[in-house]
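User: Hi! I'm new to protein structures and would like to learn how to read one. Can you walk me through it, feature by feature?

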Amino acid sequence: MSDQHGKAGKRSNFPLPLSSVTGAPAKAPGYAPARVATPQTATQNAARTAVQAPYTPPRQTGTPSKAHTSALQRAQPAVAAPPRPDLLVSDAIRQAMVARVARQGVQDRVVLAALGTVPRHAFIEPALSAQAYIDASLPIGHNQTISQPYIVARMIEVMRNGAQLNRVLEIGTGCGYQAAVLACVAQDVYSIERIKPLHELAKTNLRPLRIANLRLHYGDGMLGLPQAAPFDGIILAAAGLEVPQALLEQLNIGGRLVAPVGARVQHLQLITRVGKSEWTRDTLEDCHFVPLRPGTA
Ligand code: SAH
């Protein structure tokens with residue numbers, strides 16, 4: 001039922017050249033604010049003609065955490081290759097995305113640094129990869145979406161709360177993007193997906209990145225992952241009417257869970273475990289996610 005990543009494999013290609021995904025260098029980024037992440041709007045986002053935006057130099061995004069550095073260092077080739085123009089293009093576009101997410105209010109430098117590291121274009125189908133760095137959710141197949149960069153960063157910021165995270169669980173791997181970002185900020189990351197082809201897609205997307213501290217599981221995330229619990233942080237990438245009790249029980253005391261909650265109207269909720277049988281709940285901003293569903297498909 002479960003798969004592990006990054007323990008084997010050949011020399012790293014990290015970060016992936018954009019040309020390996022698109023077959024061509026990236027276009028300039030478009031800015032298309034979209035806070036709603038339904039498959040329908042994701043499709044519209046994908047179809048929208050990107051507005052050309054000037055490149056904005058990145059803000060100082062701080063240094064990655066220890067877990068982040070070590071995971072990436074393992075992925076680097078021993079001898080640095082000369083810079084390639086296509087890599088520089090995708091890096092510049094990604095840094096512009098980071099600067100935009102910072103302007104939208106994300107302040108955690110560790111999270112911003114992680115966002116600046118993970119090649120989002122490598123998680124998006126080639127036909128859409130020119131839009132990989134716009135501020136929008138995009139379709140990933142099976143009626144699901146890759147979340148908007150802002151919301152990915154915001155949820156991790158809220159979960160992290162400036163602290164070092166050891167063990168983190170994500171429910172809803174999708175294409176694997178948020179899991180890769182999480183692997184930059186936490187020591188060990190587990191991610192569960194209920195749709196088998198998406199679980200396989202995430203494996204394919206993540207394999208070249210050789211992220212040693214990320215483990216993907218196929219199964220119903222509403223049950224959590226008791227064999228790896230307790231977790232310092234849990235993120236749900238899909239919205240339920242309430243947060244499953246099993247997940248609350250799998251939080252460490254002091255651990256923080258961030259989840260979209262609701263149906264048509266959804267809010268981000270932060271749940272903190274403050275004692276053995278005690279949790280606090282904060283309601284944060286509006287959001288819109290695909291639904292959390294039971295069982296596997
Ligand atoms: N984390 C992704 C977002 C994927 S969309 C990103 O990086 O952008 C949300 C995902 O949650 C979908 O792939 C959906 O299949 C999955 N999902 C919904 N209910 C689930 C459940 N009970 N267990 C595991 N995954 C679930």
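**Reading the fold step by step**

Analyst: Sure! Let's start with strand pairing: strand β4 and strand β5 (residues 186–193) run parallel and are joined by 6 bridges. Keep in mind that this is a predicted model.

User: Which residue in β5 does R167 stand opposite?

Analyst: R167 faces D188 there. To read pairing, you look along one strand and ask what sits across from it. On another strand, β7 (residues 231–236), you'll find 4 bridges to β4, and the two run parallel. One pair to look up is V168 with its bridge partner G233 in β7.

User: Is β4 buried or exposed?

Analyst: Here the general idea is a cut-off: a residue is called buried when its relative accessible area is under 20%. For β4 (residues 165–171), 5 of the 7 residues are buried, so this strand is largely enclosed by the rest of the structure.

User: What do β4, helix α7 and β5 make together?

Analyst: A right-handed β-α-β unit. You read it by following the chain from a strand, over a helix, to another strand. In this case the helix is α7, residues 177–185.

User: How many residues of α7 are buried?

Analyst: 9 of the 9, so α7 is largely enclosed by the rest of the structure. Among them are Y177, A180, L182 and C184.

User: What about β5, α8 and β6? What do they make?

Analyst: Those make a right-handed β-α-β unit too. Its strands, β5 and β6, run parallel with 5 bridges joining them. As an example, Y190 has R215 as its bridge partner in β6.

User: Which residues of helix α8 are buried?

Analyst: In α8 (residues 196–206), they are L198, H199, A202, K203, N205 and L206. Now look down the axis of α8: these buried residues fall within an arc of 165 degrees, so they line one face of the helix.

User: And how do I read the faces of a strand, such as β6? Which residues are on each side?

Analyst: You sort the residues by the side they are on. In β6, L214, L216 and Y218 are on one side, R215 and H217 are on the other, and all of these are buried. That fits the overall count for β6, where 5 of the 5 residues are buried.

User: Let's turn to the ligand. Which residues come nearest?

Analyst: Start with the neighbours, then check individual atoms. There are 26 residues around the ligand, and S147, G172, E193, G221 and R293 come nearest. A backbone N or O atom of S147 is 2.7 Å from a ligand oxygen atom. For G221, a backbone N or O atom lies 2.7 Å from a nitrogen atom of the ligand. With E170, the side chain takes part: one of its N or O atoms is 2.9 Å from a ligand nitrogen atom.

User: How much of the ligand's accessible area does the protein cover?

Analyst: The protein covers 99% of the 580 Å² that the ligand has on its own.

User: Now the backbone. Where is there a cis peptide bond?

Analyst: You read this from the omega angle. The cis bond joins A229 and P230, with omega at about 5 degrees. P230 itself is in the loop between β6 (214–218) and β7.

User: And phi angles? What is special about H142?

Analyst: Look at the sign of phi and at the residue type. H142 isn't a glycine, yet its phi is positive, about 55 degrees. You'll find H142 in the loop between β2 (138–141) and β3 (144–146). At 45% relative accessibility, H142 counts as partly exposed. N161, also not a glycine, has a positive phi near 55 degrees. The loop holding N161 is the one between α6 (149–160) and β4.

User: Last one: how far apart in space are T145 and C175?

Analyst: Compare sequence distance with C-alpha distance. T145 and C175 are 30 residues apart in sequence and 8.2 Å apart in space. T145 belongs to strand β3 and, at 13% relative accessibility, counts as buried. You can try the same reading on T272 and G233: they are 39 residues apart along the chain, with 9.2 Å between their C-alpha atoms. T272 sits in strand β9, residues 266–275, and is buried, with a relative accessible area of 13%.

Technical notes:
Residues are numbered from 1 along each chain as its sequence is written. This is a predicted model: local features need pLDDT of at least 70, side-chain atom pairs count only at pLDDT 80 or more; totals for chains, interfaces and linings use all residues. Side-chain values use heavy atoms; hydrogens and water are left out. Buried means under 20% relative accessible area, exposed over 50%, partly exposed in between (1.4 Å probe, protein chains only). Two strands pair if DSSP finds at least two bridges between them. A crossover is right-handed if, with the strands pointing away from the viewer, the path from the first strand over the helix to the second runs clockwise. The arc is that of the directions from the helix axis to the C-beta atoms. A residue is near a molecule or strand if one of its heavy atoms lies within 4 Å of it. A polar contact is a pair of N or O atoms within 3.5 Å; within protein, one must be able to donate a hydrogen and the other to accept it, and residues adjacent in sequence count only if both atoms are side-chain atoms. Accessible areas come from the Shrake-Rupley method with a 1.4 Å probe; for residues, only the protein chains shown count as cover.
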